[in-house]
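Trainee: Please pick one part of this model and look at it closely. Then work outward from that part to the other features that a careful reader should check.

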Amino acid sequence: MIFGATGDLANRKLFPSLYRLFEKGNLSERFAVVGVARRPLSNEEFQENVKNSVQSAIKDSTRLDEFASHFYYHSHDVTDSSSYLALKSMAEDLDNTYGLEGNRIFYLAMAPEFFGTIAVHLKQDGLTETNGFKRLVIEKPFGHDLESAKELNSQIRHAFSEDEIYRIDHYLGKQMVQNIEVIRFANALFEPLWNNRHISNIQVTSSEVLGVEERGRYYEKSGALRDMVQNHMLQMVALLAMEPPIRLTTDEIRSEKVKVLRAMRPLEGDMVHEHFVRGQYGKGMLDGEQVPGYREEPMVDSESNTETFVAGRLTIDNFRWAGVPIYIRTGKRMAVKSTKIVIQFKDIPMNLYYETGQTVNPNLLIIHIQPDEGITLHLNAKKSGNQLEANQVKLNFSNKSGSGINTPEAYEKLLYDCMRGDATNFTHWDEVALSWSFVDKISEVWENHKAKNFPNYEAGTMGPEEADQLLAKEGFSWWPVADLDVDNC
Ligand code: NAD
């Protein structure tokens with residue numbers, strides 16, 4: 001059951017992803033999807049919508065009619081018990097028709113304020129009483145701070161146990177985010193070097209070119225810290241910094257990620273100003289066009305204190321990472337759309353090429369998450385010719401060109417995992433709670449100290465100058481993400 005089936009997420013992501021699973025044979029014939037939303041629609045109208053959204057995402061969709069015939073619609077008010085009773089009887093009928101053995105997945109693709117109410121009703125009105133499995137898939141944001149997240153969690157835990165809850169962080173569905181584990185734990189080359197003896201710093205960048213668009217109302221209450229750092233950025237850091245799990249099982253991986261979040265040094269008071277930088281975009285030029293500043297966007301306060309950019313230095317207090325800064329940055333209206341991780345290795349103990357006037361470039365491992373997918377290793381090798389000069393070479397693997405096919409969409413992967421009951425790539429409550437408690441302390445300081453210099457970066461740049469200073473004071477600088485692209489290698 002997809003709650004919010006007429007919404008943007010359902011149409012752009014969920015229906016096309018389900019179709020891909022269907023076409024690949026990963027979804028058996030024995031399935032039915034009930035679309036639930038407010039607007040009255042017939043099954044036929046709903047099926048037409050489903051077909052249209054699949055077609056706009058996938059050109060060769062040859063089995064569309066067959067696929068869409070599995071879709072049913074229920075016009076629903078999420079706050080009304082009688083509506084759930086009708087939904088229950090519909091689910092029971094479909095259970096018989098398709099032989100579903102009582103297995104149910106409830107996907108909440110709706111505004112977060114409804115999550116708790118829906119979960120409570122699902123139990124109260126009997127939809128969770130079923131002989132098969134029951135699973136709840138819940139979209140972000142999971143609360144807007146620790147308190148609200150706790151409240152939401154207790155509402156959904158009333159109806160579902162922790163192992164039945166699949167909290168979506170769509171970054172965890174991305175191929176290259178999942179690849180972090182493989183790169184680290186399947187290569188004898190990297191794991192022995194993956195510590196403070198050999199790594200000088202790590203940089204995680206997730207930059208967007210888009211502005212806040214139509215999401216001003218939501219974004220004003222959220223900002224980049226809550227929207228990106230609490231979930232996606234900290235999840236990537238946890239995967240990068242975790243200890244090797246004793247087994248590649250959900251529980252073992254999650255428990256190692258939780259340890260990283262527990263080891264992250266909390267920032268309070270003035271430490272926040274020292275280790276974190278916030279930014280807000282002003283007007284600027286993008287692709288030769290003038291774009292407005294954040295404060296000029298629809299539904300945004302003209303004096304807004306909301307950050308559209310965050311950069312921070314994270315400290316992981318454990319033996320492996322003591323002394324290694326992990327820098328993160330994310331923002332809107334930046335110069336390029338890119339999510340990349342740069343692992344910078346320490347310089348060799350003695351630069352033998354120094355006397356020849358040469359600097360030797362540090363070794364870098366770059367994990368390209370999006371839009372490029374791949375890994376690049378920057379090494380030094382001899383230049384061709386008679387001299388023994390070192391020259392930078394880049395070993396490059398691009399997922400797309402390597403396999404020749406487009407990698408599955410994150411949502412396709414996550415839906416499939418959920419159907420198979422694999423929760424590894426979803427966030428556990430402990431991770432959510434620890435991330436919020438880290439982020440809340442920063443928000444508190446920022447809310448109490450209005451940013452005097454907003455807007456402090458021009459649209460179309462890589463953020464405010466303070467973000468560069470954050471690294472410069474430790475002798476580092478951001479690796480320019482555009483130059484690191486797979487295509488530029
Ligand atoms: P949307 O506003 O486009 O869709 C909301 C849906 O909820 C519609 O189907 C609407 O009919 C339904 N709805 C609203 N009030 C209702 C009520 N009282 N009773 C029954 N149905 C009701 O929202 P969206 O962009 O699809 O986002 C849904 C969720 O997914 C949100 O939590 C959002 O944060 C999250 N999300 C969305 C995207 C995306 O790409 N759109 C990405 C990541 C996360």
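**An exposed loop residue, and what lies beyond it**

Mentor: E101 counts as exposed, its relative accessibility being 57%. Keep in mind throughout that this is a predicted model. E101 sits in the loop that runs between α4 (81-98) and β4 (104-108). Its backbone is the reason to stop here: phi of E101 is positive, near 55°, and the residue is not a glycine. As background, most residues other than glycine have a negative phi, and most peptide bonds are trans.

R333 also has a positive phi, about 55°, and it too is not a glycine. The loop that holds R333 lies between β13 (326-331) and β14 (338-345). The surroundings of the two residues can be set side by side. With a relative accessible area of 10%, R333 is buried, whereas E101 is exposed at 57%. The cut-offs behind these words are under 20% for buried and over 50% for exposed.

The peptide bonds come next. The bond from K140 to P141 is cis, and its omega is near 0°. P141 belongs to the loop between β5 (134-138) and α6 (146-159). A cis bond is also found from F454 to P455, here with omega near -10°. P455 is placed in the loop that connects α13 (429-448) with β18 (457-458).

Return now to β14, the strand on the far side of the R333 loop. Q344 is part of this strand, and at a relative accessible area of 10% Q344 is buried. The side chain of Q344 has two polar contacts to consider. One, of 2.9 Å, is with the side chain of N201; another, of 2.8 Å, is with the side chain of W479.

Some pairs are far apart along the chain but can be compared by C-alpha distance. N196 lies in the loop between α7 (175-185) and β7 (199-207), and with 18% relative accessibility N196 is classed as buried. N196 and F345 are separated by 149 residues in sequence, while their C-alpha atoms are 9.4 Å apart. S477 is in the segment that follows α14 (465-472) and is partly exposed at 48% relative accessibility. From S477 to Q203 there are 274 residues along the chain, and the C-alpha separation is 9.5 Å. N305, in the loop between β11 (289-291) and β12 (309-314), is partly exposed, with a relative accessible area of 23%. The C-alpha atom of N305 is 9.2 Å from that of H449, and the two positions lie 144 residues apart in sequence terms.

Among the helices, α2 (residues 43-57) is worth a check of its geometry. Its 15 residues reach 21 Å from first C-alpha to last, close to the 21 Å expected at 1.5 Å a residue. The buried residues of α2 are F46, Q47, V50, K51, S53 and V54. They lie on the same side of α2 because they cover an arc of only 165° around the axis. The general background is that an α-helix has 3.6 residues a turn, so residues three or four places apart point the same way. E44 and S56, on the other side of α2, are exposed.

The ligand is the last stop. Around the ligand there are 21 residues, of which T6, D8, L9, R12 and M110 come nearest. By class, this shell holds eleven nonpolar, four polar and six charged residues. Helix α1 (residues 8-23) contributes the most to the shell, with three residues. Backbone atoms also come within reach of ligand oxygen atoms. A polar backbone atom of G7 is 3.1 Å from an oxygen atom of the ligand. For L9, a backbone N or O atom is 2.8 Å from a ligand oxygen atom. M110 likewise has a polar backbone atom 2.8 Å from an oxygen atom of the ligand. Taken alone, the ligand exposes 840 Å², and 76% of that is buried by the protein.

How values were computed. Residues numbered from 1 in each chain as written. Predicted model: local features only at pLDDT ≥ 70, side-chain atom pairs only at ≥ 80, totals over all residues. Heavy atoms only, no water. Near = heavy atom within 4 Å. Polar contact = N/O pair within 3.5 Å; in protein donor to acceptor, adjacent residues only side chain to side chain. Areas by Shrake-Rupley, 256 points an atom, 1.4 Å probe, with all protein chains shown as cover. Helix = DSSP H or I, 4+ residues; strand = E, 2+ residues; numbered from the N terminus. Nonpolar A, V, L, I, M, F, W, Y, C, P; charged D, E, K, R; others polar. Expected span 1.5 Å × (residues − 1). Buried < 20%, exposed > 50% of the residue type's maximum accessible area, 1.4 Å probe, protein only. Arc of directions from axis to C-beta.
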